[in-house]
Amino acid sequence: DPQKSEVGQKIPSPLIRNVTFAEDSIIYMGSKPLNVLSDTLIPKLPYAENAISFSYATPYFNNSLATRYSHRLIGYDEDWSPWNEATQKDFTLLPPGDYEFQIKAQNATLSESEPTGYAFKIMPPWYRTIWAFLAYALILGMLIYVIFKLNTQRLHLKNEHLERLVYERTNEIWEQHKEIVKKTVALKRQKEEIATQHNLME
């Protein structure tokens with residue numbers, strides 16, 4: 001009985017056969033598990049081509065029609081999918097970030113394999129890169145500087161205007177004061193003259 005021979009048998013991890021993005025661009029075509037990847041080997045996909053497809057299988061030939069698979073995409077969905085017989089999984093419109101696709105197999109006796117993983121990265125669009133944020137910061141800084149200079153100039157012109165008004169008003173008051181002094185002096189003289197004439201008439 002094939003199923004009895006499978007009981008307790010260790011199932012090998014699935015093999016990721018190929019990985020494609022942008023519908024037909026192959027970035028991996030291998031035949032061994034990819035449980036360990038150095039950072040330098042992690043492919044970086046452009047944001048405009050953020051659709052990726054995985055094809056996988058298991059080197060398990062005993063009752064292979066009963067083999068089922070479960071997958072998850074760490075960084076997008078941490079939960080394992082329901083078991084199914086599909087040997088391909090597509091992802092579309094992935095946001096920028098670091099991901100790892102994991103796939104595991106299960107045989108007819110519900111024995112599970114260790115998962116196989118494939119790491120990749122979706123790059124951010126140009127307007128969300130570090131250089132773009134530096135440019136935003138530079139533009140913002142220049143804008144703040146321009147606003148500060150314009151405001152400073154406006155305050156300076158306003159102060160000059162106020163100083164000119166104060167100066168003009170002070171001159172007006174001073175001229176009025178001098179006119180009052182002149183009139184006061186003139187009145188005093190007139191009084192003295194009237195008093196003198198009055199004394200002479202007596």
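Colleague: In this structure, is Phe-101 buried or exposed?
Modeller: The model is a predicted one. The relative accessibility of Phe-101 is 0%. The limit for burial is under 20%, so Phe-101 counts as buried.

Colleague: How are the rings of Phe-54 and Tyr-118 arranged towards each other?
Modeller: A search of the whole structure finds 10 aromatic pairs. In the pair of Phe-54 and Tyr-118, the ring centres are 5.9 Å apart and the planes stand at 70°. Planes over 60 degrees apart fall into one class, so the pair is edge-to-face.

Colleague: How many residues apart are Phe-54 and Tyr-118 along the chain?
Modeller: Phe-54 belongs to strand E4 (residues 52–57), and Tyr-118 to strand E8 (residues 116–122). The pair thus links distant parts of the chain. Phe-54 is buried at 0% relative accessible area, and Tyr-118 is buried at 4%. The separation along the chain is 64 residues.

Colleague: Which strand holds Phe-101, the partner of Phe-91?
Modeller: Phe-91 and Phe-101 are an edge-to-face pair, with 6.0 Å from centre to centre and 70° between the planes. Phe-91 is buried, its relative accessible area being 9%. Phe-91 lies in strand E6 (residues 88–91), and 10 residues away Phe-101 lies in strand E7.

Colleague: Which lysine lies over the face of Phe-91?
Modeller: Phe-91 is part of a cluster linked by ring pairs, which also includes Tyr-56, Tyr-69, Tyr-99 and Phe-120. At 5.4 Å from the ring centre of Phe-91 lies Lys-89.

Colleague: Which residue meets Lys-104 in a salt bridge?
Modeller: The charged end of Lys-104 sits over the ring of Trp-80, 4.2 Å from the ring centre. Lys-104 counts as buried at 13% relative accessibility, whereas its salt-bridge partner is partly exposed at 42%. The closest approach in this salt bridge is 3.4 Å, N to O, and the partner is Glu-112.

Colleague: How many salt bridges are counted?
Modeller: In helix H2, Arg-169 and Glu-172 are three residues apart, so about one helical turn separates them, and their side chains meet at 3.0 Å, N to O. Glu-175 and Lys-178 are likewise three residues apart in helix H2, and their closest N and O atoms are 3.4 Å apart. With the bridge between Glu-112 and Lys-104, the count comes to three.

Colleague: Which strands stand at the edges of the four-stranded sheet?
Modeller: The sheet is open, has mixed pairing, and follows the order E3-E8-E7-E5. Within the sheet, E7 and E8 run antiparallel and are joined by seven bridges, with Ile-103 opposite Thr-116 in E8. Two strands have a single partner strand each, so one side of each is left without a neighbour in the sheet; these are E3 (44–45) and E5 (68–74).

Colleague: Which residue in E4 stands opposite Phe-21?
Modeller: Strand E1 (residues 15–21) is mostly covered, five of its seven residues being buried. E1 pairs with E4 in the antiparallel sense over six bridges. In E4, opposite Phe-21, stands Ile-52.

Colleague: What accessible area does the nonpolar patch with Tyr-136 have?
Modeller: Tyr-136 lies in helix H2 (residues 130–201) and is partly exposed at 38% relative accessible area. On the surface, Tyr-136 forms a nonpolar patch with Tyr-47, Trp-126, Tyr-127 and Phe-133. Together, these residues have an accessible area of about 580 Å².

How values were computed. Residues numbered from 1 in each chain as written. Predicted model: local features only at pLDDT ≥ 70, side-chain atom pairs only at ≥ 80, totals over all residues. Heavy atoms only, no water. Phe/Tyr/Trp six-rings, centres within 6.5 Å; stacked < 30°, edge-to-face > 60°. Buried < 20%, exposed > 50% of the residue type's maximum accessible area, 1.4 Å probe, protein only. Lys NZ or Arg CZ within 6 Å of the ring centre and 35° of its normal. Patch = residues over 30% accessible without salt bridge, like charges linked within 9 Å, V, L, I, M, F, W, Y side chains within 5 Å. Areas by Shrake-Rupley, 256 points an atom, 1.4 Å probe, with all protein chains shown as cover. Salt bridge = Lys/Arg side-chain N within 4 Å of Asp/Glu carboxyl O. Pairing = 2+ DSSP bridges.
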